[in-house]
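The exercises below are meant to be worked through with the sequence and the coordinates open side by side. Please try each task before reading the solution that follows.

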Amino acid sequence: MYVKLRNCTIVEASSGQQSLVDIGISDGVVDSIGEVSDSRADKTIEVGKRFVSPAWVDLHTHVYELGTSLGVDADAIGMRSGVGVFVDAGSAGAGNFAGFREHVIKRAGVKIFSFLNIGYGGIPFFGIKGGSQASELSKIEVADPDACMECARLNKKYVVGIKVRLSAKANGEFGSAPLKIAKKCAKALGLPVMLHIGNPPPPVDELVGLLERGDILTHSFRPFPNSILDTDGVGRVSKVLKAARRRGVLIDIGHGNGSFSYNTAEAALADGFLPDTISTDIHALSLESPVHDLPCTMTKLLNLGMSAEQVLLAVTHNPAAAIGRPDLGRIQKGKRADLVVSEVATTRTRLSDSTGEERTFSKVFRPLIRVRSSEVSRIPWRAPPP
Ligand SMILES: [Zn+2]
């Protein structure tokens, strides 16, 4: 079976520029990127110069479904949103990773990787009635470096980094100590840390100062307090954050329930401070609203000023590189096809940020078709109505 995708716009990671190609898929494997003669094709799909990219990578999700109160169904979400790779951000720690691996990761149709929580039990309960949170670090000993490193080594195939959550409600009393433990483990393993910031303490500047090349700051465009902006959540991006980016720290969105503000995003983009990766922090409490899914988060950044090319690289090449799997972020000859056809469509939609501010947007980033091996299917995605 030979499938030809005709007139595909692909975005080159090296230049950020578009090029127009045909893609040939022979028995499910990418056979040609360039020109494909019609005579070879059993089936031709006219893509009409829309974007074709690898299936999208969501760098911050919570998909330990049924094992934690936050977990959502990765396969169901992937099917309707064009996401083919879910990176779980610390739902499991060394104490419950085996369950995540056996009951979820190995059974999923989509690919799932994990930032292993430095806390032994991961994030088992969240969103207890009354808004209180159960901290995954009830005492500092729960951040057990030996257990974390052993689990990561035994599960190399799936563990792509170490997650640490630091905020007033989560475990503010420990200051930066959990991050220091996570960094020690990550360095020994040769993996990055993903750092969650929330309400202070600890202050974002103190934490970001400890991050190094390849480490990921998630919730980067969160609202005041502890925003990345200079003062009171307005103005320019702080010097500490700019220095972190210069030394190679990656800036991730991690939208979630409380961590994405239109005002912060606008100020950062106006200052030329673009995110490296666009991710949802999709979980049981953010799924309905304000997150919905990755295309909605992409739509927000697109309307706030990122180009379509920048948005696409932030859900393909960049997050794939961040987890040490650059192969998952590019279309490659000889590799099994897992592709998404998408477009920027002129449609009105009304979307809320994490502070409850609603905006009406005129463009949406719409996933249209998924091509997995030789199987071509329509993606049943719809923008939330205005
Ligand atoms: Zn999260």
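**Exercise 1.** Which residues are the protein donors of the zinc ion, and through which atoms?

*Solution.* Bear in mind from the start that this is a predicted model. The protein donors are His60 and His62, each through NE2, together with Asp281 through OD, and they lie 2.1 to 2.4 Å from the zinc ion. Water is not among the atoms, so the site may look incomplete. Turning next to the sequence, the donor residues follow the spacing H-x1-H-x218-D. Histidine 62 and aspartate 281 thus link distant parts of the chain, being 219 residues apart: histidine 62 sits in the loop between strand 6 (56–61) and helix 1 (74–81), whereas aspartate 281 sits in the loop between helix 8 (262–270) and helix 9 (287–291). As a last step, check the accessibility of this pair, and both histidine 62 and aspartate 281 prove to be buried, which means under 20% relative accessible area.

**Exercise 2.** Describe the open sheet of 7 strands, giving the strand order and the sense of pairing, and then place helix 1 and helix 5 on their strands.

*Solution.* The strands of the open sheet come in the order 6-7-8-9-10-11-14, and the pairing is parallel. Its edges are strand 6 and strand 14 (250–251), each of which pairs on one side only. For a closer look inside the sheet, take strand 9 (residues 159–166) and strand 10 (residues 193–197), which run parallel and are joined by 5 bridges; here arginine 165 stands opposite histidine 196 of strand 10. Helix 5 (residues 177–189) packs on the sheet, where it touches strand 9 and strand 10, and its direction makes about 170 degrees with that of strand 9. Helix 1, for its part, lies across strand 6, strand 7 (83–93) and strand 8 (111–117), and runs at about 150 degrees to strand 7.

**Exercise 3.** At what angle do helix 3 and helix 5 pack, and which residues meet there?

*Solution.* Begin with the geometry: helix 3 (residues 145–154) and helix 5 pack at an angle of about 35 degrees, their axes being 10 Å apart, and the crossing is right-handed. Then list the residues: Pro145, Cys148, Met149, Ala152 and Arg153 from helix 3 meet Ile181, Cys185, Ala188 and Leu189 from helix 5. Sorted by class, this contact has 8 nonpolar residues, no polar residues and 1 charged residue. Helix 3 also appears in the surroundings of helix 2 (residues 97–105), whose buried residues are Phe97, Gly99, Phe100, Arg101, Val104 and Ile105; what covers these residues includes strand 7, strand 8, helix 3 and strand 9.

**Exercise 4.** How many residues lie between strand 1 and strand 2 in their hairpin, and how many between strand 2 and strand 3 in theirs?

*Solution.* Strand 1 (residues 2–11) and strand 2 (residues 18–26) pair in the antiparallel sense over 8 bridges, with valine 11 partnered by glutamine 18. Their hairpin has 6 residues between the strands, and glycine 16 in the turn has a positive phi of about 75 degrees. Strand 2 is also joined to strand 3 (residues 29–34) by 5 bridges, again in the antiparallel sense. That second hairpin has 2 residues between its strands, and aspartate 27 in the turn has a positive phi of about 45 degrees.

Notes: Residues are numbered from 1 along each chain as its sequence is written. This is a predicted model: local features need pLDDT of at least 70, side-chain atom pairs count only at pLDDT 80 or more; totals for chains, interfaces and linings use all residues. Side-chain values use heavy atoms; hydrogens and water are left out. Donors are N, O and S atoms within 2.8 Å of the metal (3.2 Å for Na, K and Ca); water is not among the atoms, so sites may look incomplete. Helices (H or I, at least four residues) and strands (E, at least two) are DSSP runs, numbered from the N terminus. Buried means under 20% relative accessible area, exposed over 50%, partly exposed in between (1.4 Å probe, protein chains only). Two strands pair if DSSP finds at least two bridges between them. Contact means heavy atoms within 4.5 Å. Axes are lines fitted to C-alpha atoms, for helices over the stretch in contact, and angles run from 0 to 180 degrees between N-to-C directions. A crossing is left-handed if the near helix is turned anticlockwise from the far one by less than a right angle, and right-handed if clockwise. Ala, Val, Leu, Ile, Met, Phe, Trp, Tyr, Cys and Pro count as nonpolar, Asp, Glu, Lys and Arg as charged, and the others, Gly among them, as polar.
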